[in-house]
Amino acid sequence: MVFARPFAVIGALFALVGMLFLGVSLVILSLQHDFARAAIRTSGTVEALIPRGNATYAAQIRFTDRAGQTQTFTESGSSNPPRAAVGDRVTVLYDPASPR
């Protein structure tokens with residue numbers, strides 16, 4: 001029974017860390033949900049694939065905002081294979097107060 005106490009402490013630590021990760025995940029989910037509700041949805045075109053570290057690629061996307069201005073941005077994530085090819089049409093969500 002001497003070994004039962006350390007296992008209980010370790011179990012409690014794992015539970016605490018798990019609850020912390022759950023809380024952070026819920027905050028991130030809430031922020032993304034709020035952005036998606038307020039964002040304007042439009043379509044854009046992949047103009048280029050920008051190489052990132054470890055042989056991954058991020059899409060550079062061009063779209064036109066509600067004011068008729070052409071906007072270009074590079075997605076923050078990257079992957080290999082790329083999520084889209086040059087010339088593909090993609091859905092863009094943007095903040096109308098700050099289209100960039």
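The following questions and answers introduce a predicted model of one chain.

Visitor: How are residues numbered, and what pLDDT do local features need in this predicted model?
Guide: Residues are numbered from 1 along each chain as its sequence is written, and side-chain values use heavy atoms, with hydrogens and water left out. In this predicted model, totals for chains, interfaces and linings use all residues, side-chain atom pairs count only at pLDDT 80 or more, and local features need pLDDT of at least 70.

Visitor: What pattern does the chain follow when read along the sequence?
Guide: Helices (H or I, at least four residues) and strands (E, at least two) are DSSP runs, numbered from the N terminus. The chain holds one helix and four strands, and helix α1 covers residues 4-38. Read along the sequence, the pattern is α-β-β-β-β.

Visitor: What is the radius of gyration of the chain?
Guide: The C-alpha trace spans about 70 × 35 × 15 Å along its principal axes. The radius of gyration is taken over C-alpha atoms, and the rule for a globule is 2.2 Å times the number of residues to the power 0.38. A compact globule of 100 residues would have a radius near 13 Å, but the value for this chain is 21 Å.

Visitor: How much of the chain counts as buried?
Guide: Buried means under 20% relative accessible area, exposed over 50%, and partly exposed in between, with a 1.4 Å probe and protein chains only. Of the 100 residues of the chain, the share that counts as buried is 18%.

Visitor: Which elements give two or more residues to the largest nonpolar core?
Guide: A nonpolar core is a set of buried Ala, Val, Leu, Ile, Met, Phe, Trp, Tyr and Cys residues joined through side-chain atoms within 4.5 Å. The largest one has nine residues in all, namely Ile40, Val46, Ala59, Ile61, Phe63, Ala84, Val90, Val92 and Tyr94. The elements that give two or more residues to this core are β1, β2 (56-64) and β4 (89-94).

Visitor: Which residues does Ile50 touch, not counting those up to four places away in sequence?
Guide: Ile50 sits in strand β1, residues 40-52, and is partly exposed because its relative accessible area is 27%. Contact means heavy atoms within 4.5 Å. Leaving aside residues up to four places away in sequence, Ile50 touches Thr56, Tyr57, Ala58, Gln60 and Thr74.

Visitor: Is Asn54 buried or exposed?
Guide: Asn54 is found in the loop between β1 and β2, and its phi is near 60°, a positive value in a residue other than glycine. Most residues other than glycine have a negative phi. Because its relative accessibility is 78%, Asn54 counts as exposed.

Visitor: What is the relative accessible area of Ala55?
Guide: Ala55 also lies in the loop between β1 and β2, and it has a positive phi of about 60° although it is not a glycine. Ala55 is partly exposed, because its relative accessible area is 47%.

Visitor: Which residues are joined by a cis peptide bond?
Guide: Most peptide bonds are trans. In the loop between β3 (70-74) and β4 lies Pro81, and a cis peptide bond with omega of about 10° joins Asn80 and Pro81.

Visitor: How far apart in space are Gly11 and Thr56, C-alpha to C-alpha?
Guide: Gly11 has its place in helix α1, where it counts as partly exposed because its relative accessibility is 36%. Gly11 and Thr56 are 45 residues apart in sequence, and their C-alpha to C-alpha separation in space is 38 Å.
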